[in-house]
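Student: I'm new to this one and would like a close look at a single part, the greasy patch on the outside if there is one. Could you then walk me on from there to the rest?

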Amino acid sequence: MQSLSNRKKVIEQKPMTFWERMYLPAIAKGLGITIRHFFKKIPTVKYPEEQRPYSKNFRGQHSLKRDEQGRERCTACGLCALSCPAEAITMVAAERTKDELHLYREEKYAAVYEINMLRCIFCGLCEEACPKEAIYLDGPHVTAEYLRKDFIYGKDKLVEPVFDIKNLKQETTN
């Protein structure tokens, strides 16, 4: 069958020389490249002792933020779970009671908030979708675990600790 463009490329295959058939020059080139790599400076970072600088847009472990009064910002709207392409985020919403006014900002809050870190692709869409700026990918690397169930992070690992200004003032005066 003739090609549509009517362009033909004639390929001539010249016979190999004696040295090309022996493959010795190719082996010598390969060994030369390997020996050059032995004497190059190692770009490896010895991780626990040294840490490489990260870019400003590094996406680490998720963290659920609190507002200025120490209440959780998440209102369980579910936009982060809907925007997640890997479907790694699950949540269960609950109504706030009168004795929980100091814990949650809105009437509705996330009673259960879980992220499956094995499914998460760290794309940052959950961060962009959140209208309350409750979730950020600003934590450290996700640590290595041995069991799959240890990669499902709940609110105990995700919610940032309460910042208590009163205890800070007492510590600085002592």
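Tutor: Let's start with two helices: α1 (18–22) and α2 (24–38) each supply at least two residues of a nonpolar patch. Keep in mind as we go that this is a predicted model. The patch lies on the surface and is formed by Met16, Phe18, Trp19, Met22, Tyr23, Leu24, Ile27, Leu31, Ile35, Phe38 and Phe39. Together these residues have about 1,300 Å² of accessible area. Which helix gives the largest share of the patch? That would be α2, with 5 residues.

For a single member to look at, try methionine 22, which sits in helix α1. Its relative accessible area is 41%, so methionine 22 counts as partly exposed, since that label covers values from 20% to 50%.

Now move along the chain to the strands. Three of them, in the order β2-β3-β5, make an open sheet with antiparallel pairing. The edges are taken by β2 (89–95) and β5 (152–153); each has a single partner strand, so one side of each has no neighbour in the sheet. As background, strands in a sheet pair through backbone hydrogen bonds, and can do so in a parallel or antiparallel way. If you want to find where β5 joins on, look at β3 (residues 108–116): 2 bridges link β3 to β5, and the two run antiparallel. One place to put your finger is asparagine 116, whose bridge partner in β5 is isoleucine 152.

Next come some cysteines. An unreviewed UniProt entry lists Cys84, Cys120, Cys123 and Cys126 under "binding site". These four are spread over 43 residues of sequence, yet they cluster in space, with a largest C-alpha distance of 10.4 Å. All of Cys84, Cys120, Cys123 and Cys126 also belong to the lining of the second largest cavity.

Take two of them in turn. Cysteine 84 is in the loop between α3 (79–83) and β2, and at a relative accessible area of 12% cysteine 84 is buried. Cysteine 123 is in the loop between β3 and α4 (125–129), and its relative accessible area of 24% makes cysteine 123 partly exposed.

While you're in that loop, stop at phenylalanine 122, which is also found between β3 and α4. Phenylalanine 122 isn't a glycine, but it has a positive phi of about 55 degrees. Phenylalanine 122 is partly exposed, with a relative accessible area of 25%.

Where else does a positive phi of about 55 degrees turn up in a residue that is not a glycine? Glutamate 133 has one, and you'll find glutamate 133 in the loop between α4 and β4 (135–136). Glutamate 133 is partly exposed, at 46% relative accessibility. Alanine 134 lies in the loop between α4 and β4 as well, but alanine 134 counts as buried, at 2% relative accessibility. From alanine 134 you can hop to valine 159: the two are 25 residues apart along the chain, and their C-alpha atoms are separated by 9.5 Å.

That brings us to the charged pairs. How many salt bridges does a search of the whole structure find? It finds 5. One of them joins glutamate 160 and lysine 65, with the closest N and O atoms 3.4 Å apart. Glutamate 160 is in the loop between α5 (155–158) and α6 (165–173), while lysine 65 is in the loop between β1 (63–64) and α3, so this pair ties together parts 95 residues apart in sequence. Glutamate 160 is partly exposed, with a relative accessible area of 25%, whereas lysine 65 is buried at 16%.

Another salt bridge has glutamate 72 meeting lysine 155, at 2.9 Å from N to O. Here glutamate 72 comes from the loop between β1 and α3 and lysine 155 from helix α5, so parts that are 83 residues apart in sequence are tied together. Both glutamate 72 and lysine 155 are buried. Salt bridges with shared partners also link Lys65, Asp138 and Glu160 into one network.

Finally, the side chains of aspartate 67 and arginine 71 meet in a salt bridge at 3.1 Å, N to O. Aspartate 67 has a relative accessibility of 9%, which means it counts as buried.

Note on methods
Residues are numbered from 1 along each chain as its sequence is written. This is a predicted model: local features need pLDDT of at least 70, side-chain atom pairs count only at pLDDT 80 or more; totals for chains, interfaces and linings use all residues. Side-chain values use heavy atoms; hydrogens and water are left out. Patches are made of residues with over 30% relative accessible area and no salt bridge: like charges are joined within 9 Å, nonpolar side chains (Val, Leu, Ile, Met, Phe, Trp, Tyr) within 5 Å. Accessible areas come from the Shrake-Rupley method with a 1.4 Å probe; for residues, only the protein chains shown count as cover. A salt bridge is a side-chain nitrogen of Lys or Arg within 4 Å of a carboxyl oxygen of Asp or Glu. Helices (H or I, at least four residues) and strands (E, at least two) are DSSP runs, numbered from the N terminus. Buried means under 20% relative accessible area, exposed over 50%, partly exposed in between (1.4 Å probe, protein chains only). Two strands pair if DSSP finds at least two bridges between them. UniProt positions are given in the numbering used here, feature names are shortened, and annotations may be inferred rather than shown by experiment. On a 1 Å grid over the protein atoms alone, a cavity is a set of points where a 1.4 Å probe fits but cannot get out, and a pocket is an open set with protein on both sides within 12 Å along at least five of seven lines; lining residues have an atom within 4 Å of a point.
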